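Grab a viewer and work through a few exercises on sheets, cavities and a pocket. Try each task yourself before reading the solution.

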Amino acid sequence: MTVAITGTDGKAHATGTTGPLTGSWRKYDLTLRTAAGAPTTANARLVVTTSAPGTLWLSQVSLFPPTYKGRENGLRVDLMEKLAALEPKFLRFPGGNYLEGNVIADRFDWKRTIGPVEQRPGHHNSAWGYWSTDGLGLPEYLQMTQDLGCTPLLCVYAGYSLQGSHVTGAALKPFVQDAVDQIEYITGPTTSTWGARRAADGHPEPFPLKYVEIGNEDWFDKSGSYEERYAAFHDAIKARFPALKLIATTPVASRPYDLIDEHYYQSPSAFQAGSHKYDQRDRSSPKVFVGEWASQEGRPTPDLNAALGDASWLAGIIRNSDQVLMESYAPLFSHVRDNTWATNLIAYDALTSYNSPSYYAQQLLLTRRGTVVLPTAVRALPGLIAVTTHDPGARRIYLAVVNTGGTARKTTVTLQGVARTDASAAVTVLAGANPQATNTLTDPLAVVPRGRTVNGVAPTFTATFVPYSVTVLEVHTG
């Protein structure tokens, strides 16, 4: 059997040949290398031919380009590099509605997503209307966290699917056991049943796991069964893995939870207005995980106005880091021509990809901040949203300011309690000519952060924040 990558003209740009075919199933792996001068194109075909007529059965055909960190059955290099540049601390998986499915049979059944890829049956992802091969299964999600240098945040199926099917009583026990087994697969030693399965899948070392989320968006379950379902999972997981922290998706009364997961998909203006949502939160209430959030404007990716809404919201989350312990934007990726969900952080086609303005706004706020939140007051300047953080070790103050308006704002900045500063400071600004400015495959750098140095910095100084902008000033204190 000959396998080739050809152009539409039939010219082969790379070929490989298997050994003799037999009457039994066999896996064949080939490396296809293009010759010098081969075109970069999406307009190509994978062609399988045989040396003689006959009947040929193929159970799986899969073609991969080079992958991130060279992983077998791995992930696209450009997409992973973009994700890594956000410096994520955790990855929440396998996602929200994808976890549940519309019906129980279409849930993310993790035991069917491990082992050799060609032996995974796949499943219908009814929530979003496509077939999933489950080539991206539990082992690949876990490998992704290791390659990104972050930790897994595991969501387990909790007996509820989107069209209302739910499981309680004795019928819930197999699902609870599945969750316990899944945690053992991730964290267990190779001497354990599921730790040994993980090792057989190529990863003898256990993965670090701190948080487990029980279900997803169970506030949609009008039957009220989440109270019982959460209790069953809580008791089984805590009995076996007492150090794990549990996340509830809607409040429960009978068992404790460490975090409550809140999801927000709103307009940019709603996020701007909601920047102070957590300022007055009862500090004795449960801590928050904002597990899904995004301003809804722009397709397939957010425009600048959405990025300003996202930055306003994120500034409020950073300002209330004692209450909102974690946050994760969703969705992360979308093909430019196939976006069931309109607004996504990063878009791509077969050959390339680009970051949205919201991507850069989040990268700016999350990678340029200190470890201590400082009290900040903005007086008589509508449209300005600010958060200030301090890195005591580096003696650096980060002033992040979002100007959601179309007018430049010139204001006095006073750093109370600071005796002196360097006379100059680094400033990075994300801005555009209008709120609808955005990035595309053909113009991926239309809205990107730009850095410069400003002078005249002192404990009290004047700063100007340009229209429709996210700005971070980095002031070094004496």
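Below are four exercises, each followed by its solution.

A note on the ground rules: this is a predicted model, where local features need pLDDT of at least 70, side-chain atom pairs count only at pLDDT 80 or more, and totals for chains, interfaces and linings use all residues. Residues are numbered from 1 along each chain as its sequence is written, and side-chain values use heavy atoms, with hydrogens and water left out.

**Exercise 1. Trace the open sheet of 7 strands: what is its order, and which strands stand at the edges?**

Step 1: Strands are DSSP runs of E with at least two residues, helices are runs of H or I with at least four, and both are numbered from the N terminus. Two strands pair if DSSP finds at least two bridges between them.

Step 2: Reading across, you get β4-β7-β8-β9-β10-β11-β12, with parallel pairing.

Step 3: β4 (90-93) and β12 (324-327) are the edges; each has a single partner strand, so one side of each has no neighbour in the sheet. From one strand to the next, the twist averages 25 degrees.

Step 4: Zoom in on β7 (residues 151-156) and β8 (residues 211-214), a parallel pair with 4 bridges. Val156 has Ile214 in β8 as its bridge partner.

Step 5: Now add helix α4 (residues 173-187), which packs on the sheet and touches β7 and β8, with its direction at about 165 degrees to that of β7. Contact here means heavy atoms within 4.5 Å; axes are lines fitted to C-alpha atoms (for helices, over the stretch in contact), and angles run from 0 to 180 degrees between N-to-C directions.

**Exercise 2. Do likewise for the open sheet of 6 strands: is its pairing parallel or antiparallel?**

Step 1: It's antiparallel, in the order β16-β17-β18-β23-β20-β21.

Step 2: At the edges you find β16 (372-374) and β21 (450-455), each with a single partner strand, so one side of each is left open in the sheet. Ignoring direction, neighbouring strands are turned by 25 degrees against each other on average.

Step 3: β20 (residues 424-431) is joined to β21 by 6 bridges, and Thr428 sits opposite Gly451 in β21.

Step 4: Helix α8 (residues 304-319) lies across β16, β17, β18, β20 and β23 (469-476), at about 50 degrees to β17.

**Exercise 3. How many cavities of 30 Å³ or more does the whole structure hold, and what lines them?**

Step 1: On a 1 Å grid over the protein atoms alone, a cavity is a set of points where a 1.4 Å probe fits but cannot get out, and lining residues have an atom within 4 Å of a point. Grid points are joined across faces, edges and corners, and a volume is the space filled by probe spheres set on the points.

Step 2: The search finds 2.

Step 3: The largest is about 110 Å³. α4 gives the largest share of its lining, 4 residues, and the residues lining this cavity include Cys155, Val156 and Phe175.

Step 4: The second largest is about 50 Å³, with Ile318, Val387 and Tyr398 among its lining residues. β17 and β18 each supply at least two residues there.

**Exercise 4. Which residues are closest to the centre of the second largest pocket?**

Step 1: A pocket is an open set of points with protein on both sides within 12 Å along at least five of seven lines. This one holds about 620 Å³ of space.

Step 2: Of its 23 lining residues, Pro375, Thr376, Ala377, Val413 and Thr414 are the closest to the centre.

Step 3: β17 (384-391), β18 (396-403) and β19 (409-414) each supply at least two lining residues.
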